[in-house]
Amino acid sequence: MHIGISTSVIQRGRTGVAQYLLALLRAYQPFARDHHFSLFVLEEDLPLFADFKSTMRIIPVPERFRPPLKNILWHQTRLPLIARRHRIEVLHVPSYRRMLWPKPCALVATIHDLAPFHVPKKYDWKRMFYGRVVARQLARRQDEIIAISRNTAKDVHQFFGLNPDRVSVVHNGVEHGRFHPGARDTARLRAIEKYGLRQPFFLYIARLEHPGKNHVRLIAAFNQFKAASGSRWHLVLGGSDWQDAEVIHRAIRESPFATDIQTLGFVSNENLPDLYRAADAFVFPSLYEGFGMPPIEAMACGCPVISSTRGSLGEVIGDAAAIIDPENIDSMAGQMEAVAGDSDLRLRLQTVGLKQARQFDWKRTAEETLRVYERATRRLKSPRARSRRMPEPTPDERESARIAAVR
């Protein structure tokens, strides 16, 4: 099977979609003996895909197509022609934001969440309109949809009106070769050397996005926890600045415990496992998640977790975390105080968290995703589907595709 994968939604590798895609591609490596993979990669992202050059074909995409509107147009006009030229059998777009309308081959898309339907003002009005209206129509053109959780699949049925037989739940995995318990003393020393983290600390890994990631309430809860307990614990926030990040930075500056709150910026894949191991507890107060990879990665590294259950989080963390209501500051502060003050509770959370994390594995995710591709190609061969495919390209269109593929 010749599989094409669009990668341009990874935003230079600093998003959850990027971590999903790169982990999936790593899990695909053993399957490259039986399948041919072609990756469409923006030029400045090429270094992120260096590890795949020996097993997969890398097709550069000119950098001028990075801006969102130009990237959408590239997906709707140039990519279908290029896919035909390369005789791709199934094309996987790992985000609803770039799903195709033309059908040059079987189409598969991954929907991570439908946050625009759940979190008011999560994005600007244009992105909200795209997510609520345009994506709904595009989703109906796909042969198969992958939902990364049962909760997301339920949302796809409810908000996009798709038949259940076209939606497959394929959970994200955990890269257990990277995320596993390790020498905590060594991890703490690295955290001190790299970030100056000398005190016990709560860790939160999420892009600094307001209001969706709920940092402001977490900071308020941390203030309450510190005032009530007199604890020396710190709060550490890892993640790039995103929408309305200044609101979060202002909340930190105005905190009476501002010196005990530290922002790290984007945390690289290389440093993330040791940061989980060094943390005394991981806190995840998100208002909505389609899956929620950070808490399960933290569990895999042996870090006790405090988490919301919003969106799919309850499905993912099970009974392995201390549960909070992310809109209730008292709830968050209370669990922070309980976890910080009780080493036996932290040990219990660590034990059940390790067991929960073992349920998720990228190899299984890769196998299940390949089966979705196979179903998509079979679906496209049906008489009804063939009538909706793109017409064969003209000679001029073939030449345009050739030029677009090499520029």
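**Chatting through two sheets and a helix pair**

Author: Let's start with a pair of strands: strand 8 and strand 9 (residues 234-238) run parallel and are joined by 5 bridges. Keep in mind that this is a predicted model.

Reader: Thanks! Which residue is the bridge partner of Leu203 in strand 9?

Author: That is Val236.

Reader: And what order do the strands take in the sheet that holds strand 8?

Author: The order is 10-9-8-11-12-13, an open sheet of 6 strands with parallel pairing.

Reader: Which strands stand at the edges there?

Author: Strand 10 (261-265) and strand 13 (322-323) do. Each has a single partner strand, so one side of each is left without a neighbour in the sheet.

Reader: Got it. What holds paired strands together in general?

Author: Strands of a sheet pair through backbone hydrogen bonds, and the pairing can be parallel or antiparallel.

Reader: Let's move to the sheet of 7 strands. What is its order?

Author: That open sheet runs 3-2-1-4-5-6-7, with parallel pairing. Its edge strands are strand 3 (57-61) and strand 7 (167-169), each pairing on one side only. From one strand to the next, the twist averages 20°.

Reader: How many bridges join strand 6 to strand 7?

Author: There are 3, and the two strands run parallel; strand 6 covers residues 144-147. As an example, Ile146 has Ser168 of strand 7 as its bridge partner.

Reader: Nice. Which strands does helix 1 lie across?

Author: Helix 1 (residues 16-28) lies across strand 1 (2-6), strand 2 (36-42), strand 4 (90-93) and strand 5 (106-111). The helix runs at about 160° to strand 1. Helix 2 (residues 68-85) packs on the sheet as well, touching strand 1, strand 2, strand 3 and strand 4. The direction of helix 2 makes about 145° with that of strand 2.

Reader: What about the loop between strand 1 and helix 1? Where does Gln11 fit in?

Author: Gln11 is in that loop, and its phi is positive, about 50°, although it is not a glycine. Arg12 belongs to the loop between strand 1 and helix 1 too. Arg12 is likewise not a glycine, yet has a positive phi of about 60°.

Reader: Why does Gln11 count as partly exposed?

Author: Because its relative accessibility is 38%, and partly exposed covers the range between under 20% for buried and over 50% for exposed. Arg12, at 42% relative accessibility, counts as partly exposed too.

Reader: Switching topic: which residues does the cis peptide bond join?

Author: His210 and Pro211, with omega at about 5°. Pro211 sits in the loop between strand 8 (201-205) and helix 6 (215-229).

Reader: Last topic, helices. At what angle do helix 9 and helix 12 pack?

Author: Helix 9 (residues 293-300) and helix 12 (residues 343-357) pack at about 115°, and their axes are 7 Å apart. The two helices are therefore roughly perpendicular to each other. Their crossing is left-handed.

Reader: Which residues make the contact?

Author: From helix 9 they are Ile296, Met299 and Ala300, and from helix 12 they are Gly353, Leu354, Gln356 and Ala357.

Reader: How many of them are nonpolar, polar or charged?

Author: The contact of helix 9 with helix 12 has 5 nonpolar residues, 2 polar ones and no charged ones.

Key. Residues are numbered from 1 along each chain as its sequence is written. This is a predicted model: local features need pLDDT of at least 70, side-chain atom pairs count only at pLDDT 80 or more; totals for chains, interfaces and linings use all residues. Side-chain values use heavy atoms; hydrogens and water are left out. Axes are lines fitted to C-alpha atoms, for helices over the stretch in contact, and angles run from 0 to 180 degrees between N-to-C directions. Helices (H or I, at least four residues) and strands (E, at least two) are DSSP runs, numbered from the N terminus. Angles under 35 degrees count as roughly parallel, over 145 as roughly antiparallel, 65 to 115 as roughly perpendicular and the rest as oblique. A crossing is left-handed if the near helix is turned anticlockwise from the far one by less than a right angle, and right-handed if clockwise. Contact means heavy atoms within 4.5 Å. Ala, Val, Leu, Ile, Met, Phe, Trp, Tyr, Cys and Pro count as nonpolar, Asp, Glu, Lys and Arg as charged, and the others, Gly among them, as polar. Two strands pair if DSSP finds at least two bridges between them. Buried means under 20% relative accessible area, exposed over 50%, partly exposed in between (1.4 Å probe, protein chains only).
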